[in-house]
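This report walks through selected features of one model. Please look at the sequence and the 3D view first, then read on.

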Protein chains: 2
Amino acid sequence: MAQAIRFRQASSPLKASCHQCSLSNLCLPLAIPDNDLDRLEDIVQQGRIYNRGEHIFDQSTPFRSCFAVKSGSIKTSIISEGGEEQVTGFFMPGELVGLDSMSGESYASTAKALERTSVCEFPINKLEELTGKLPELQHHMYQLMGQEIQNSHQLAMLLSKNTAEERIASLLLSLSSRFQRRRMSGTNFSLPMARNDIANFLGLAVETVSRVFTRFQNQGIIRARGREVELLDVEALQLVTREFSRQGFQQ
Amino acid sequence: MAQAIRFRQASSPLKASCHQCSLSNLCLPLAIPDNDLDRLEDIVQQGRIYNRGEHIFDQSTPFRSCFAVKSGSIKTSIISEGGEEQVTGFFMPGELVGLDSMSGESYASTAKALERTSVCEFPINKLEELTGKLPELQHHMYQLMGQEIQNSHQLAMLLSKNTAEERIASLLLSLSSRFQRRRMSGTNFSLPMARNDIANFLGLAVETVSRVFTRFQNQGIIRARGREVELLDVEALQLVTREFSRQGFQQ
DNA sequence: CGTCCAAGTTGATGCAAGTCAAAGGACCAC
DNA sequence: GTGGTCCTTTGACTTGCATCAACTTGGACG
């Protein structure tokens, strides 16, 4: 057992190759000129593989690293003193997890693999050091964090202003476009998360999520069997998300 | 008119003195060793004074600068295509506004003075350049942005899980502790924002906010006349915010 | 000092979504 | 196979808060 741990520690700082990674146009390398890419590779560690349900980190873990999803997907959530969970995001390959934790000693949230998932690990002290030397990378980090704030603000807007149907339509469209950016079908995909996670993320009850799914299905907007989803009428979905705003104007 | 504008531009890069600023223990200087403080002063611009209701920036303004509140207070909000507003934050002296905009060409939100307010302006290109040279400052920026993400996640949790009473109690306690950190009374203060802003921020109707205020007042927890608020029983307020979480455990 | 308009309060009513309950699936272990 | 567990769906009922409407307060201003 002690040996196993030792072995893990010793083998953990395995160098990852950003040069060969297919995600280099989505992930951090995107911000770095080719000739500096080695310097990022020098600090990246090949993370291990997590099975569905395994924690990458939780709120009691000391904050050491940010993680880029390599394959699979991750959900992050915060858990209140009382044990209440709020899902704060879903992360797909190429996306960076842990940015919200940059302000403290421990992680600010909990990250859990939604399926078999592999990650790359960026030790934060080394990453900060590097961003101090590569202005483009620093700029990119600011951009990513700014984007993260915006996402969260959008979520707040969704939660406080929109109906169940609007929230779910928004999520489906968001997932769709993110799948598409990863060269996967934007109309035919498999949800990485359970209904429960969707419900929690969107501030709804599971039953409500389920009902809206069947309602959309009956309207011929989507087709859903379990986690398999097919968007049959994207425009209709977009219309649902905007319906609310429209009311402000006409009529 | 043209002259006035010229005059403004010429006089605008007025140097602010961080050395003498009373907020140096809250604001950016907090992260900088004394002997480097000059370098921050070199890039800060003394911003102008805004009257209640004036915009510091909005979503159509090209993103150039972050602003530190010097006196007064600011609310930020995002406005959807349909014109729906979601208040995303209230900012007090020493706090930095505009971090959510670090990812785009234009500001991601709109900032409005809630009262007569003065600010310091940090041009973003110069700030980035400086954080590249001062690791402590870079670290602090990451911390601030991480904190901003966390705040927003907390808001999402509040919006999706908590009752009207819990939301308002949370806001009052948050304001209280922030006033206190600024050496003002934490139990006797004047709300900088209107009921409307509170309602919007917390995802409630104005009427609900009003009702909860009077309910708290009848219970002897607070005393409120207009914007003047007195917290009579802070523990009771804390209890309200935790009531919800408790239910998860006992009984 | 009265006028006016925005901001705040209070009451009555309706509805979207939560809660409770129970019945299917799907998947896994044995 | 068969039993168990977890996830999802569906139905019946309940409720917190929004909405609508009317009234009050307060501050700005001529």
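B:C66 is buried, with a relative accessible area of 0%. This is a predicted model, and the values here are computed from it. A:C66 is likewise buried, at 0% relative accessibility.

Do these cysteines pair up, and how many disulfides are there over all chains? The count is zero. A disulfide is a covalent bond between the sulfur atoms of two cysteines. The rule asks for sulfur atoms within 2.5 Å. The sulfur of A:C66 has its closest cysteine sulfur in A:C27, 11 Å away, so the two are too far apart for a bond. B:C66 is in no disulfide either, and the nearest cysteine sulfur, in B:C27, is 11 Å away.

**Chain A as a whole**

Chain A holds eight helices and eleven strands. The C-alpha trace of chain A spans about 60 × 40 × 30 Å along its principal axes. Does the radius of gyration point to a compact or an extended chain, and what is its value? Chain A has 20 Å, and a compact globule of 251 residues would have a value near 18 Å, so the two agree. Of the 251 residues in chain A, 52% are buried.

**A strand pair in chain A**

Strand β5 of chain A covers residues 85-91. Six of its seven residues are buried, so β5(A) is largely enclosed by the rest of the structure. Strand β4 of chain A, residues 74-79, pairs with β5(A). The pairing is antiparallel and runs over six bridges. Within it, A:K75 stands opposite A:F90 of β5(A). The two strands form a hairpin with five residues between them. A:G83 in this hairpin takes a positive phi near 95 degrees.

**A strand with two partners in chain B**

Now turn to strand β3 of chain B, residues 65-71. Five of its seven residues are buried, and the strand is mostly covered. Which strands of chain B pair with β3(B)? One is β8(B), residues 117-123, joined to β3(B) in the antiparallel sense over six bridges. Another is β6(B), residues 96-97, also antiparallel, with two bridges. B:F67 has a bridge partner in each of these strands: B:E121 in β8(B) and B:V97 in β6(B). In a regular strand the side chains alternate between the two faces of the sheet.

**Loops**

A positive phi also turns up outside glycine. A:R183 has a phi near 60 degrees, a positive value in a residue other than glycine. A:R183 sits in the loop between α5 (164-181) and β9 (188-190) of chain A. Is A:R183 buried or exposed? A:R183 is exposed, with a relative accessible area of 75%. In chain B, B:R183 has a phi near 60 degrees as well. B:R183 lies in the loop between α5 (164-181) and β9 (188-190) of chain B. B:R183 is exposed, at 76% relative accessible area.

A:I32 is another loop residue, placed between α1 (2-11) and α2 (37-43) of chain A. A:I32 counts as buried, at 7% relative accessibility. A:I32 and A:L114 are 82 residues apart in sequence. Their C-alpha atoms are 29 Å apart in space.

**Around DNA strand D**

Which residues come nearest to DNA strand D? Of the 15 residues around the strand, they are A:R195, A:T214, B:A164, B:T208 and B:R211. Sugar and phosphate make up 61% of the atoms of DNA strand D that come within 4 Å of the protein.

The table gives three polar contacts with this strand.

| Residue | Atom of the residue | Atom of DNA strand D | Distance |
|---|---|---|---|
| A:T214 | side-chain N or O | phosphate oxygen | 3.4 Å |
| B:A205 | backbone N or O | phosphate oxygen | 3.1 Å |
| B:E207 | polar side-chain atom | base nitrogen | 3.1 Å |

Three elements give two or more residues to the surface near DNA strand D: α6 (195-202) and α7 (206-218) of chain A, and α7 (206-218) of chain B. α7(A) gives the most, with four residues. By class, this surface has four nonpolar, six polar and five charged residues.

Technical notes. Residues are numbered from 1 along each chain as its sequence is written. Chains are lettered from A and ligands numbered from 1 in the order in which they are written. This is a predicted model: local features need pLDDT of at least 70, side-chain atom pairs count only at pLDDT 80 or more; totals for chains, interfaces and linings use all residues. Side-chain values use heavy atoms; hydrogens and water are left out. Buried means under 20% relative accessible area, exposed over 50%, partly exposed in between (1.4 Å probe, protein chains only). Two strands pair if DSSP finds at least two bridges between them. A residue is near a molecule or strand if one of its heavy atoms lies within 4 Å of it. A polar contact is a pair of N or O atoms within 3.5 Å; within protein, one must be able to donate a hydrogen and the other to accept it, and residues adjacent in sequence count only if both atoms are side-chain atoms. Ala, Val, Leu, Ile, Met, Phe, Trp, Tyr, Cys and Pro count as nonpolar, Asp, Glu, Lys and Arg as charged, and the others, Gly among them, as polar. The radius of gyration is taken over C-alpha atoms; the globule rule is 2.2 Å times the number of residues to the power 0.38.
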